[in-house]
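Here are a few exercises to work through with the model open in your viewer. Try each task before you read its solution.

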Amino acid sequence: MTAPVDGHPPTRTFKPRRRRMSPTLADARARLAPRWTLDESGPVLSGANAPDVVEIGFGHGEALLAYAEAHSDQRIVGIEVHTPGVAKVLAGIERFGLSNLRVVEGDALVFLDRIAPASAHAVHVLFPDPWPKARQQPRRLIRSDVVTVLADRLAPGGRLHLATDDPGYAAQMAAVCGANPALRGGPWPAGSRPAWRTVTRYEARAVEAGRAVMDLTYERA
């Protein structure tokens, strides 16, 4: 995913933004990052070092921390570009005594090169930036080239789980994933959601604003 495409660098799916952190969060990041973070680039993680579950773009980390706490037998990696969210998850690892969770502060499209093919049991992409304007939509994470790589990293029977509150993005997710021959699945019935997926503050605000939340699940053939 790091190589240029047709001579052009890959389109970033995020816009870097600076965020100030409280002294408490800054301290948590400084103390805990050496123990609980993985580098964006490096050798391929395989075998006992490979993650079972990867969450891309965990935001404030509410869903990621809850999932890690409920699935202590799984090796979980969360990827996020925004430093305050990373610091909150690091603080949560310490607070909840989690030993099965690692954090990547960086670009998921780069880190995917560190995941061995056919090794992950699940990839979660929950409420990625919808980039709603037409000129922004090439930045969307769930597009055909990225989904091809995500499917390649999943073990047979592994799951790609997506969620969004943007109907246009949901339609794109369904079209792109449905066109991938390695994946089978589709949207959840309207109004339903998997029990394991914690409702985050973002999702609660979306529902309060009247936006429908859509989940889509695909299995690697």
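**Exercise 1.** Work out whether Trp131 is buried or exposed, and find out where along the chain it is found.

*Solution.* Keep in mind that this is a predicted model. Start with the relative accessible area of Trp131, which comes to 7%. The cut-off for buried is under 20%, so Trp131 is buried. Next, look at its place in the chain: Trp131 is found in the loop between S4 and H5. Finally, check the backbone: phi of Trp131 is near 40°, a positive value in a residue other than glycine.

**Exercise 2.** Now take Phe127: which loop holds it, and what is its phi?

*Solution.* Phe127 lies in the loop between S4 and H5. Its phi is near 55°, again a positive value in a residue that isn't glycine. For the surroundings, turn to the accessibility: Phe127 has a relative accessible area of 15%, and since buried means under 20%, Phe127 counts as buried.

**Exercise 3.** Lay out the sheet: in what order do the strands come, and which strands stand at the edges?

*Solution.* Go across the sheet strand by strand. Seven strands make an open sheet, in the order S3-S2-S1-S4-S5-S7-S6, and the pairing is mixed. The ends of that row are S3 (101-105) and S6 (183-187); each has a single partner strand, so one side of each is left without a neighbour in the sheet. From one strand to the next, the twist averages 15°.

**Exercise 4.** Follow the pairing from S1 through S4 to S5: how many bridges join S1 to S4, and how many does the pairing of S4 and S5 have?

*Solution.* Step one is S1 (residues 53-56) with S4 (residues 120-126): they run parallel and are joined by three bridges. Val54 stands opposite Val123 of S4 here. Step two is S4 with S5, a parallel pairing over six bridges. On that side, Val123 stands opposite Leu160 in S5. To round off, ask how covered S5 is: eight of its 11 residues are buried, so it's mostly covered.

**Exercise 5.** Which strands does helix H5 touch as it packs on the sheet?

*Solution.* H5 (residues 144-153) touches S1, S4, S5 (154-164), S6 and S7 (214-220). For the orientation, compare directions: that of H5 makes about 135° with that of S5.

**Exercise 6.** Is Glu80 buried or exposed, and which residues does it touch?

*Solution.* First place Glu80: it lies in strand S2 (residues 76-80). Its relative accessibility is 8%, so Glu80 counts as buried. Then list its contacts, skipping residues up to four places away in sequence: Gly57, Phe58, Gly59, Val86, Val104, Glu105 and Gly106.

**Exercise 7.** What lines the second largest pocket, and how does the lining break down by class?

*Solution.* The pocket has a volume of about 160 Å³. Its lining residues are Leu38, Leu45, Asn49, Ala50, Pro51, Arg75, Ile76, Val77, Ser99, Asn100 and Arg102. Sort them by class and you get six nonpolar, three polar and two charged residues.

**Exercise 8.** Is Gly191 buried or exposed, and how many residues apart in sequence are Gly191 and Arg159?

*Solution.* Gly191 is found in the loop between S6 and helix H7 (201-208). Its relative accessible area is 79%; the cut-off for exposed is over 50%, so Gly191 is exposed. Gly191 and Arg159 are 32 residues apart in sequence, and C-alpha to C-alpha they are 20 Å apart in space.

Key: Residues numbered from 1 in each chain as written. Predicted model: local features only at pLDDT ≥ 70, side-chain atom pairs only at ≥ 80, totals over all residues. Heavy atoms only, no water. Pairing = 2+ DSSP bridges. Helix = DSSP H or I, 4+ residues; strand = E, 2+ residues; numbered from the N terminus. Axes fitted to C-alpha atoms, helices over the stretch in contact; angles between N-to-C directions. Contact = heavy atoms within 4.5 Å. 1 Å grid on protein atoms, 1.4 Å probe; cavity = no way out; pocket = protein on both sides within 12 Å on 5 of 7 lines; lining within 4 Å. Points joined across faces, edges and corners; volume = space filled by probe spheres on them. Nonpolar A, V, L, I, M, F, W, Y, C, P; charged D, E, K, R; others polar. Buried < 20%, exposed > 50% of the residue type's maximum accessible area, 1.4 Å probe, protein only.
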